[in-house]
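Me: I am new to this structure and would be grateful for a close look at a single part of it. Please also indicate how far the model may be relied upon.

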Amino acid sequence: MTCAVREPGGGWRCAGVRWPREVPELGWSRGGDRRVSVLAYGAGLGFRAVGERHCVGARGNVCPLGAVVPGRSTGGRCAECARLDRAHSVAADTMADDPRTYRVYLAWFGPGMVKVGITGEERGAARLREQGAVAFSWLGRGPLMAARRTEEVLRAALGVPDRIPYAKKRAVRGQLPGAEERAAAVAELYARAAELEGRGWPESLERLPLEVVDQVGIFGLDRAPEPDPAPGRSVRESAPAPVRSVRELVDGGVVAGRLVAAAGPDLHLAVADGGMVLLDTRLITGWDLTAVTPAAEVTGSDVRVPLIDIGGGGVQGGLF
């Protein structure tokens with residue numbers, strides 16, 4: 001599978017991973033043109049970075065400055081475009097008159113990692129996939145400000161954070177509890193949240209019934225279970241845990257491998273040396289990328305960009 005095709009007059013720039021459906025897609029832009037590449041587990045994925053990394057703009061608009069941005073920035077925007085993007089987001093609370101319906105969700109990312117959030121109802125579960133939520137349930141639906149108020153009440157009463165760093169989510173993906181434990185964790189959080197109905201919970205927010213959605217299979221994280229789980233414990237599922245992570249792209253840098261799993265913005269790639277490399281696709285936005293065939297053009301390691309050893313905590317520098 002080719003990652004992108006560089007065409008005369010300017011290449012297609014990557015816009016990162018999207019989850020509009022239950023399969024990941026890479027978005028691409030060139031001026032006002034847009035396209036997507038649907039990703040498939042088990043298929044090859046390879047590209048070479050060309051030139052410099054440029055700001056991806058804000059709210060679908062091209063950066064007026066054509067600014068160059070740092071390779072290690074997960075935002076991929078210059079300061080001005082980042083400000084504009086934030087100012088028009090739901091999180092900024094600047095759209096009190098938004099007529100759309102919103103949903104409040106309860107998301108579970110791993111043992112001890114839960115959060116409450118909101119998303120537009122028309123987006124379905126795309127937001128949960130973008131965040132890498134392993135399991136979740138809807139809690140309620142209603143106007144934006146009612147959903148926002150409920151979110152704030154639940155955070156304060158339940159003591160849950162408004163965000164969880166991706167590094168923590170990644171750390172537990174290699175060994176998740178079984179499906180029954182995941183569902184029980186979401187159900188327990190739902191029960192605690194439901195007890196708050198009538199105590200700061202806006203009347204205009206309709207409570208939705210508990211329905212746990214498990215996304216392990218969607219992300220490709222399901223693997224053969226352990227043969228002998230401990231007594232009283234449900235069977236655990238494990239995915240090959242990446243031990244290296246791409247730190248940044250550089251001009252001429254190559255990333256190529258076989259896609260094993262994907263969660264949120266992260267792609268888990270099996271590379272030629274038998275290892276597993278994690279690519280945070282927020283690091284590839286704004287780059288012109290040309291296609292690379294993993295088997296034909298890359299020898300030795302399939303990754304020739306700066307890597308971080310996330311298994312042992314050390315840092316590997318240079319190009320690979």
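Reply: The following account considers one helix, then a surface patch, and then the confidence of the model.

The model is a predicted one. Helix 3 covers residues 144-158, which makes 15 residues. From its first C-alpha to its last, helix 3 reaches 21 Å, close to the 21 Å expected at 1.5 Å a residue. Its buried residues include Leu144, Val153, Leu154 and Leu158, and Arg148, Thr150 and Glu151 are also among them. Ala146 and Ala147 complete that list. The partners against which the buried residues of helix 3 pack are three strands and one helix: strand 5 (101-110), strand 6 (113-120), strand 7 (135-143) and helix 5 (179-194). After helix 3 comes Gly159, which has a positive phi, near 70°.

A surface feature may be set beside this helix. Val23, Val36 and Val38 together form a nonpolar patch on the surface, with about 210 Å² of accessible area. Of these residues, Val36 lies in strand 3 (residues 33-38). Val36 is classed as partly exposed because its relative accessible area is 43%, a value between the limits of 20% and 50%.

As to confidence, the protein chain has a mean pLDDT of 83, and 82% of its residues reach 70 or more. Strand 9 (residues 213-214) has the highest confidence, at 98, whereas strand 17 (residues 315-316) has the lowest, at a mean of 32. Over residues 1-9 pLDDT stays under 50, and the model has 26 contacts beyond four places in sequence for them. Residues 224-236 likewise stay under 50, with 18 such contacts.

How values were computed:
Residues are numbered from 1 along each chain as its sequence is written. This is a predicted model: local features need pLDDT of at least 70, side-chain atom pairs count only at pLDDT 80 or more; totals for chains, interfaces and linings use all residues. Side-chain values use heavy atoms; hydrogens and water are left out. Patches are made of residues with over 30% relative accessible area and no salt bridge: like charges are joined within 9 Å, nonpolar side chains (Val, Leu, Ile, Met, Phe, Trp, Tyr) within 5 Å. Accessible areas come from the Shrake-Rupley method with a 1.4 Å probe; for residues, only the protein chains shown count as cover. A salt bridge is a side-chain nitrogen of Lys or Arg within 4 Å of a carboxyl oxygen of Asp or Glu. Helices (H or I, at least four residues) and strands (E, at least two) are DSSP runs, numbered from the N terminus. Buried means under 20% relative accessible area, exposed over 50%, partly exposed in between (1.4 Å probe, protein chains only). The expected span of a helix is 1.5 Å times one less than its number of residues. Contact means heavy atoms within 4.5 Å. pLDDT is the predictor's confidence in each residue, from 0 to 100.
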